[in-house]
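Biologist: I'm new to reading protein models, and I'd love a close look at one part of this one. Could you pick a helix and walk me through its surroundings?

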Amino acid sequence: MKLSVPGMRRSTSSAAGRIPARRTTAAATAAATGLALVGLLGAAAPAQSAQAPAHASASAAVLAAPDIPLANVKAHLTQLSSIAAANGGNRAHGRAGYLASLNYVKGKLDAAGFTTSVQQFTSSGATGYNLIADWPGGNANQVVMAGSHLDSVTAGAGMNDNGSGSAAILETALAVSRAQLKPTKHLRFAWWGAEELGLVGSRYYVNNLPTAERAKISGYLNFDMIGSPNPGYFVYDDDPTIEQTFKNYYAGLGIATEIETEGDGRSDHAPFKNVGIPVGGLFSGADYIKTAAQAQKWGGTSGRAFDTCYHRSCDSLTNINDTALDRNSDAIAYAVWTLSGAA
């Protein structure tokens, strides 16, 4: 998550019920053949998870969506951590660690049957990259899109911010492939570059979409920091349909959520929202302080930040709460299955 941008706040959208279409603009495919894989494709981790079964009151869609294996998500985080360690300790825009991270994710998706494209842009004198992955099929005029930023700050490897969101949506995409899902709506996943410099990658993507293509994206889901070590369970309140989908999932687990306010306008949902695309997402907290009431509700330590390593070198593999990462990863799959008409 990038630093706060004054004046950018979320407000509840009235565009409930629109959910997503395939985009085929040249902007998304620019330089797709220009990046070679760097040979950092790690072996898949065992398919297991610490996630408890959903509460009996959860909707039937909870049962239809897969349990995303925590071990697999953490295996992706381990790869991203190794990439950072081999490339100056970070995965920041314009650095070798970012491009190696993109190649790792792209290789997994290509092997799983996604159609991937790499979009180039320039920021701060360096070339940046977005990775877009489309799953074949679904209504091309209704696109459900899930995204997260793949870059870290220069200070460290960025395992919570935002390896956590990037790894979780990667494993969700791979679960789509394992299931050979045939959703009613078209599914698209994205990993954004240069978010930490001001939402540069996602803004470039949205700004280069023709108006007709923007209209086909009926829902964008954003995941930026979902494994905070002292976690909260926050849900974006922008689009009522998307918001309720996540709330339904957590109600099924018997977990009370709160409306997300810390990240208003500070992550990659903002460019989508600004052009009228319904947005939603999950967040586990950054440098805001957990209250006593929140600690009583969710556990953890009151009077302490949700993530004391936010934008610091200590945002490493030890800076992840497994329970939060597991629950949020499963919630992502639930939303993708439900909103795409697959459940």
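Modeller: Here is a walk around one helix, with a few backbone oddities at the end.

Before we start, this is a predicted model, so local features need pLDDT of at least 70 and side-chain atom pairs count only at pLDDT 80 or more, while totals for chains, interfaces and linings use all residues. Residues are numbered from 1 along each chain as its sequence is written, and side-chain values use heavy atoms, with hydrogens and water left out.

The protein chain has 11 helices and 8 strands; these are DSSP runs numbered from the N terminus, with helices being H or I of at least four residues and strands being E of at least two. Of its 343 residues, 59% count as buried. Buried means under 20% relative accessible area, exposed means over 50%, and partly exposed is in between (1.4 Å probe, protein chains only).

Our helix is α5, residues 159-179. Because 19 of its 21 residues are buried, α5 is largely enclosed by the rest of the structure.

Who are its neighbours? Take helix α4 (residues 96-111), which packs against α5 at an angle of about 10°, with the axes 10 Å apart. Axes here are lines fitted to C-alpha atoms, for helices over the stretch in contact, and angles run from 0 to 180 degrees between N-to-C directions. So α4 and α5 are roughly parallel to each other; the cut-offs are under 35 degrees for roughly parallel, over 145 for roughly antiparallel, 65 to 115 for roughly perpendicular, and oblique for the rest. On the α4 side you'll find Tyr104, Val105, Lys108 and Leu109, and they meet Leu170, Ala173 and Leu174 in α5. Contact means heavy atoms within 4.5 Å. By class, the contact of α4 with α5 has 6 nonpolar, no polar and 1 charged residues. For those classes, Ala, Val, Leu, Ile, Met, Phe, Trp, Tyr, Cys and Pro count as nonpolar, Asp, Glu, Lys and Arg as charged, and the others, Gly among them, as polar.

Now swing over to helix α11 (residues 322-339): α5 packs with α11 at about 50°, their axes 10 Å apart. That angle makes α5 oblique to α11. From α5, the residues Ser164, Ala168, Ile169, Thr172, Ala175, Val176 and Ala179 meet Leu325, Ser329, Ile332, Ala333, Val336 and Trp337 of α11. Sorted by class, the contact of α5 with α11 has 10 nonpolar, 3 polar and no charged residues. If the spacing of such numbers puzzles you, an α-helix has 3.6 residues a turn, so residues three or four places apart point the same way.

Next, the backbone. Most residues other than glycine have a negative phi, and most peptide bonds are trans. Yet the peptide bond from aspartate 161 to asparagine 162 is cis, with omega near 5°, and asparagine 162 sits in α5. After α5 comes glutamine 180, whose phi is positive, near 45°.

Elsewhere in the chain, serine 124 has a positive phi near 55°. Serine 124 belongs to the loop between β1 (115-123) and β2 (126-135), and at 68% relative accessibility it counts as exposed. Histidine 311 has a positive phi too, of about 60°, and is part of the loop between α10 (292-298) and α11, the helix that packs with α5.
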